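User: I'd like to learn how to read a protein model feature by feature. Could you walk me through one?

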Amino acid sequence: MTMYETVPAIKVRENSESIMEKVVKDEEVELIANETLKRKFSISPDSLKEFALGYLLGEGLIRSMDNVKDINIEENTIHASVDMEDFDIIQELVVGSDCFGGWRQKIEFVNKVESDFTVDKQTIIDSARQLRDSAHTWQKTGGTHVAALVYKDKFLSREDVSRHVAVDKVIGAGLMEGVDFKNSYIVYSGRMPADMLIKIARVGIPVLASNAAPTTSGYAVAQEAGVTMVGFVRGDRFNIYTHPQRIII
């Protein structure tokens, strides 16, 4: 499935001209879990199974593939059936806000990431370059975020109009491929606020690297949850904000 459409536009130069230009698709997708939890998202309508799995894992609604009974996709509606004894309790903790106060109240529900994983600085830089090269829809449209989950020789990349959903998709892809999340890292193209760091911590991923900036809420969660936060990965430089022992300099 292509993630973009071609539409008419006018390119304004000294002499304006009519052109056909590629623009990224965004559509409303609904995720329904156990027929009780219903969420609507404006996202790129591809890799929907990976998205559903990543979202459910990142929100604590499943703990592994063993909790997934069935995922059925009908056009832009995802029906997920999961087997979690405390599903009805957990779903009350799912928050749809980037609000610092709301997310900080949830930190007590996030397990600290315990991992001895390390990665050298050049590998982080090389992954950021590979991320850019893998962003085919962004190169054509400029309208997506891109994320990649890196584990051993695997580089699982996905794009989406939403930075959160791009990360959900790579987490879901990793879940399907049996990735050991505690020995992996994510590199992506978005900001690093609290809700993103809580997602990463819930999954157990020890390192999050971005070409963008952290926020104070993201910094606080990363510090408390034991996640190594790396920002401004550009060219041959970046900043390490939290838990620097995992980056070999």
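Analyst: We'll go from the whole chain down to single strands, turns and loops.

User: Before we start, what should I keep in mind about the model and its values?

Analyst: The model is predicted: local features need pLDDT of at least 70, side-chain atom pairs count only at pLDDT 80 or more, and totals for chains, interfaces and linings use all residues. Residues are numbered from 1 along each chain as its sequence is written, and side-chain values use heavy atoms, with hydrogens and water left out.

User: How many helices and strands does the protein chain have?

Analyst: Helices (H or I, at least four residues) and strands (E, at least two) are DSSP runs, numbered from the N terminus. Here the protein chain has eight helices and 14 strands.

User: What does the radius of gyration say about the protein chain?

Analyst: The radius is taken over C-alpha atoms, and the globule rule is 2.2 Å times the number of residues to the power 0.38. For 249 residues a compact globule would come out near 18 Å, and the protein chain has 18 Å, so the two agree. If you prefer a box, the C-alpha atoms fill one of roughly 60 × 50 × 35 Å along the principal axes.

User: What share of the residues is buried, and how much surface is exposed?

Analyst: Buried means under 20% relative accessible area, exposed over 50%, and partly exposed in between (1.4 Å probe, protein chains only). By that cut-off, 51% of the 249 residues in the protein chain are buried. Areas come from the Shrake-Rupley method with a 1.4 Å probe; for residues, only the protein chains shown count as cover. The protein chain exposes about 12,100 Å², and carbon and sulfur atoms supply 45% of that.

User: And which contacts join residues 24 or more positions apart?

Analyst: Contact means heavy atoms within 4.5 Å. Of the contacts in the protein chain with a separation of 6 or more, 49% are between residues 24 or more positions apart.

User: Now a strand. How do I read its two faces?

Analyst: In a regular strand the side chains alternate between the two faces of the sheet. Try strand 6 (residues 77-82): Ile78, Ala80 and Val82 make up its covered face, while Thr77, His79 and Ser81 are on the uncovered one.

User: Which strands pair with strand 6?

Analyst: Two strands pair if DSSP finds at least two bridges between them. Strand 3 (residues 27-33) runs parallel to strand 6, joined by four bridges. Strand 5 (residues 68-74) is antiparallel to strand 6, with six bridges. Have a look at isoleucine 78: leucine 31 stands opposite this residue, and isoleucine 73 has isoleucine 78 as a bridge partner too.

User: What happens in the hairpin of strand 5 and strand 6?

Analyst: Two residues lie between these strands, and glutamate 75 takes a positive phi near 55°. Now compare another hairpin: strand 12 and strand 13 also have two residues between them, and glycine 235 in that turn has a positive phi of about 60°. Three bridges join strand 12 (residues 228-234) to strand 13 (residues 237-240), which run antiparallel, and arginine 234 stands opposite arginine 237.

User: How many residues join strand 1 to strand 2?

Analyst: That hairpin goes through five residues. Strand 1 (residues 4-11) and strand 2 (residues 17-24) are antiparallel, with eight bridges, one of which pairs lysine 11 with glutamate 17. Serine 16 sits in the loop and is partly exposed, at 48% relative accessible area. Leaving out residues up to four places away in sequence, serine 16 touches Ile10 and Lys11.

User: Where else should I look for a positive phi?

Analyst: Asparagine 34 has a phi near 55°, positive in a residue other than glycine. You'll find asparagine 34 in the loop between strand 3 and strand 4 (37-43), partly exposed at 25% relative accessibility. Serine 47 is another, with phi near 50°, in the loop between strand 4 and helix 1 (48-58).

User: Is helix 1 mostly covered or uncovered?

Analyst: Mostly covered: ten of its eleven residues are buried, including Phe51, Leu53 and Tyr55. After helix 1 comes glycine 60, with a positive phi near 80°.

User: Is threonine 137 buried or exposed?

Analyst: Threonine 137, found in helix 5 (residues 136-141), counts as buried, at 8% relative accessibility. Beyond four places in sequence, its contacts include Met3, Tyr4 and Glu159.
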